[in-house]
Amino acid sequence: MSQTRHRPQVAIICGSGLGMLADTLKCQDSFAYSDIPGFPQSTVQGHAGRLVFGELKGKTCVCMQGRFHMYEGHSLCKTTFPVRVFKLLGVETLIVTNAAGSLADGLQPGDIMIIKDHVNFPGLVGLNPLSGPNDDKFGPRFPAMSGCYDKGLRCLALDIAKQQGVASLMQEGVYAMVGGPNFETIAEARLLHRLGVDAVGMSTAPEVVVATHCGLRVFGLSLITNKVVKSYEDSESVNHEGVLEVGRLRSNTVQQLVTELISRMEINNNNTINNAV
Ligand SMILES: O=P(O)(O)O[C@H]1O[C@H](CO)[C@@H](O)[C@H]1O
Ligand SMILES: Nc1nc2[nH]cnc2c(=O)[nH]1
């Protein structure tokens, strides 16, 4: 806290290829993860490994330029550690972004899916960042997860998309987290599709679980970077460079949407843990 004058109200986690979201912040203070006690290191291309504080449209923000994934070998506790740091810093709203492959026929590469809900596959089999003793300071032993993606912010984002003329690129959907690091087999893709998953990735759900546990308001979006191959006749295959490339192509659209959302969201400043410190 002594290293920056900023006291963030909003935190943003940048997905693969979406690190440019931090560039919009004014009066920046930026810290390499290697200089922050307790932070793991980013090992994935497209995740710079920097925490950036700054101002955006009258709100104070902190932005993770690079997130941590389970497949990098971090425990789920470590991958979600920054979310609790944000809570202690006084953050009220968390914006999570990711790159994801689409299963829904109506979602094309370059589209933006507002996350309505998620399926946390690792969580369903007990790989949950909240496993172990519960810290009651942060939240209850058995937190509810229905409604974990704030409805008001989802509606606001859809309104903004209309005003910015990009409504045709946007729709709501269900994100599923799988462990990775391999992309899906065709049989796995078909299974996810039949289960009602619209887009799949290897992150986000644990961050949202920890954020919801400690009472943060959450907004999430997936940039659709590829269609997940569901047919044995299809010779295409996905790769990480292609994922990053779609991030670059859509950077302006995502930046404008997130900037306007932050500008128009209301902040209550009712972070009880932080107020008690
Ligand atoms: O979820 P983010 O960090 O955006 O990254 C997504 O893109 C990578 C695969 O290309 C995986 O890490 C997947 O989870
Ligand atoms: N699991 C998974 N993660 C992704 N991240 C970006 N695209 C994909 C995908 O197709 N599958």
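His47 lies in the loop between strand 2 (26-32) and strand 3 (50-56), where strands (E, at least two residues) and helices (H or I, at least four) are DSSP runs numbered from the N terminus. UniProt, in an unreviewed entry, lists His47 under "binding site" along with Ser16, Arg67, Phe68, His69, Ala99 and Ser203. Those positions are given in the numbering used here, and such annotations may be inferred rather than shown by experiment.

This is a predicted model, with local features needing pLDDT of at least 70 and side-chain atom pairs pLDDT 80 or more, while totals for chains, interfaces and linings use all residues. Residues are numbered from 1 along each chain as its sequence is written, chains are lettered from A and ligands numbered from 1 in the order in which they are written, and side-chain values use heavy atoms, with hydrogens and water left out.

**The annotated sites**

- The seven-site set with His47 in it, which includes Ser16 and Ser203, is spread over 188 residues of sequence, yet it clusters in space, with a largest C-alpha distance of 13.6 Å.
- From this set, Phe68, His69 and Ser203 help line the largest cavity. On a 1 Å grid over the protein atoms alone, a cavity is a set of points where a 1.4 Å probe fits but cannot get out, a pocket is an open set with protein on both sides within 12 Å along at least five of seven lines, and lining residues have an atom within 4 Å of a point.
- Another unreviewed "binding site" annotation from UniProt covers Glu184 and Asn226. These two are spread over 43 residues of sequence but cluster in space, at a largest C-alpha distance of 12.0 Å.
- Both Glu184 and Asn226 turn up in the lining of the largest pocket.
- Glu184 itself lies in the loop between strand 7 (170-177) and helix 4 (186-194).

**Ligand 1**

- Ligand 1 has 13 residues around it (a heavy atom within 4 Å), and the closest are Ser16, His69, Tyr71, Ser203 and His240.
- Its polar contacts (pairs of N or O atoms within 3.5 Å) include one from a ligand oxygen to a side-chain N or O atom of Ser203 at 2.5 Å.
- For His240, the side-chain N or O atom is 2.6 Å from an oxygen atom of ligand 1, and a polar backbone atom of Met202 is 2.9 Å from a ligand oxygen.
- On its own ligand 1 has 350 Å² of accessible area (Shrake-Rupley, 1.4 Å probe), and the protein covers 96% of that.
- Strand 5 and helix 6 (240-249) are the elements giving two or more residues to the shell around ligand 1.

**Ligand 2**

- Here too 13 residues surround the ligand, with Ala99, Gly101, Glu184, Gly201 and Asn226 the closest.
- Glu184 puts a polar side-chain atom 2.7 Å from a nitrogen atom of ligand 2, and Asn226 does so at 2.7 Å as well.
- Ala99 uses its backbone instead, with an N or O atom 3.4 Å from a ligand nitrogen.
- Ligand 2 exposes 280 Å² when taken alone, and the protein buries 95% of it.
- Ligand 2 sits in the largest pocket, meaning that more than half of its atoms lie within 2 Å of the grid points.
- Strand 5 (93-102), strand 8 (199-201) and strand 9 (217-227) each give two or more residues to the shell, and strand 5 supplies the largest share, three residues.

**The annotated domain**

- UniProt's unreviewed entry places "domain: Nucleoside phosphorylase" at residues 10-262.
- That stretch is 28% helix and 26% strand, and its end C-alpha atoms are 8 Å apart.

Definitions and conventions: Polar contact = N/O pair within 3.5 Å; in protein donor to acceptor, adjacent residues only side chain to side chain.
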